[in-house]
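Hi everyone, thanks for coming. Today I'd like to walk you through one protein chain, piece by piece, so please have the picture up as I talk.

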Amino acid sequence: MDNTEITIKTDKIYDGKILSLKVDTVELPNKKYSKREIVEHSAAVSIVAITEEDEILIIKQYRKAIEKEIYEVPAGLIEIGELPKDAAMRELTEETGYIASDIQYLSEFYTSPGFCTEKIHVFLASGLKLGEQNLDLDEFIDVEKIKFEDVLKMLDRCEINDAKTIASILYYKEFRRKNNE
């Protein structure tokens with residue numbers, strides 16, 4: 001059965017720096033019509049950066065949308081013409097000051113495909129060496145090194161509640177399991 005929705009009309013509502021909003025009028029498989037509000041968001045990367053001491057670099061950052069500081073893995077937008085792997089290396093250094101000698105692709109996922117186009121590419125960074133943090137003027141980030149087992153406990157206690165961070169850590173956990181068998 002083909003459940004494809006055919007776009008009949010698109011109305012651009014907003015065009016911003018990191019996202020756009022549009023409303024699509026679509027024809028449904030049953031030949032009726034509906035509206036779809038869609039956030040068009042640039043693709044991004046998230047990085048699980050692991051030290052030789054089995055610590056994960058976790059950043060703590062205030063997020064205005066939820067009015068609180070939260071724990072996250074380093075992450076950021078892929079610039080136009082930039083490869084995801086290159087964006088991961090750049091974002092890791094910008095946000096944490098660390099440079100990785102090895103970076104591996106782990107997975108990718110859509111953050112909320114019911115209304116948003118954002119796709120996040122997940123990378124594992126290792127062979128870390130401290131360089132210089134290079135934050136954007138509007139970024140205020142604290143970097144912490146937390147033992148992997150303690151990060152898993154933080155997940156269990158719901159102390160980490162950022163979806164990209166949860167997904168990235170779980171992808172890394174599965175990667176470890178597969179590579180230790």
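I'll go through the sheets, then the helices, then the core, and stop at a few residues along the way. One thing to keep in mind is that this is a predicted model.

Let's begin with the sheet made by the strands β1, β2 and β3. It is an open sheet of 3 strands, in the order β1-β2-β3, and the pairing is antiparallel. Who sits at the edges? β1, residues 6-15, and β3, residues 33-41, each have a single partner strand, so one side of each is left without a neighbour in the sheet. From one strand to the next, the twist averages 25°.

Zoom in on β2, residues 19-27, which pairs with β3 in the antiparallel sense over 9 bridges. You can find two of the matched positions yourself: lysine 22 has isoleucine 38 of β3 as its bridge partner, and serine 20 stands opposite glutamate 40 in β3. Between these two strands the hairpin has 5 residues, and in that hairpin lysine 31 takes a positive phi near 70°.

Now hop over to strand β1, where you'll find aspartate 11. Is aspartate 11 buried or partly exposed? With a relative accessible area of 30%, aspartate 11 is partly exposed. Leaving out residues up to four places away in sequence, aspartate 11 touches Leu21, Lys22 and Val23. Here is a nice one to check on your screen: aspartate 11 and threonine 25 are 14 residues apart along the chain, and their C-alpha atoms are separated by 8.4 Å.

On to the other sheet on my list. This one is also open, with 3 strands in the order β6-β5-β10 and antiparallel pairing. Its edge strands are β6 and β10, each pairing on one side only, and the twist averages 30° from one strand to the next. β5 and β10 pair in the antiparallel sense over 7 bridges, and isoleucine 59 stands opposite valine 143 in β10. Helix α1, residues 84-96, packs on this sheet, where it touches β5 and β10, and its direction makes about 70° with that of β5.

While we're at α1, let me introduce threonine 96, which is found in that helix. Its relative accessibility is 5%, and the cut-off for buried is under 20%, so threonine 96 counts as buried. What does its side chain reach? The side chain of threonine 96 reaches the backbone oxygen of leucine 92 at 2.5 Å and the backbone nitrogen of tyrosine 98 at 3.0 Å. Setting aside neighbours within four places in sequence, threonine 96 is in contact with Leu57, Ile59, Pro74, Glu91, Leu130, Gln133 and Val143. You may recognise Ile59 and Val143 from a moment ago, as the pair standing opposite each other.

Next comes helix α2, which lies across β5, β6 and β10 and runs at about 105° to β10. Which residues of α2 are buried? They are Phe148, Val151, Leu152, Met154 and Leu155. These residues cover an arc of only 155° around the axis, which puts them on the same side of α2. Here's the general idea behind that: an α-helix has 3.6 residues a turn, so residues three or four places apart point the same way. And what covers the buried residues of α2? The list includes β5, β6, β10 and α3. Just after α2, cysteine 158 takes a positive phi of about 60°.

That brings us to the core. The largest nonpolar core has 21 residues, and the members touching the most other members are Ile56, Ile58, Val151, Ile160, Ile169 and Tyr172. Two or more residues come from each of β4, β5, β8, β9, α2 and α3. Which element gives the most to this core? That's α2, with 5 residues.

Let's take isoleucine 169 as our guide here. Not counting residues up to four places away in sequence, isoleucine 169 touches Val48, Val73, Phe148, Val151, Leu152, Leu155 and Ile160. There is also a second, separate core of 13 residues, and among its members are Ile47, Ala87, Ile103 and Phe123.

To finish, turn back to α2 on your screen: its buried residues lie on the same side of the helix, and α2 gives the most to the largest core. Thanks for listening!

Terms used: Residues numbered from 1 in each chain as written. Predicted model: local features only at pLDDT ≥ 70, side-chain atom pairs only at ≥ 80, totals over all residues. Heavy atoms only, no water. Core = buried A, V, L, I, M, F, W, Y, C linked by side-chain atoms within 4.5 Å. Buried < 20%, exposed > 50% of the residue type's maximum accessible area, 1.4 Å probe, protein only. Helix = DSSP H or I, 4+ residues; strand = E, 2+ residues; numbered from the N terminus. Contact = heavy atoms within 4.5 Å. Arc of directions from axis to C-beta. Pairing = 2+ DSSP bridges. Axes fitted to C-alpha atoms, helices over the stretch in contact; angles between N-to-C directions. Polar contact = N/O pair within 3.5 Å; in protein donor to acceptor, adjacent residues only side chain to side chain.
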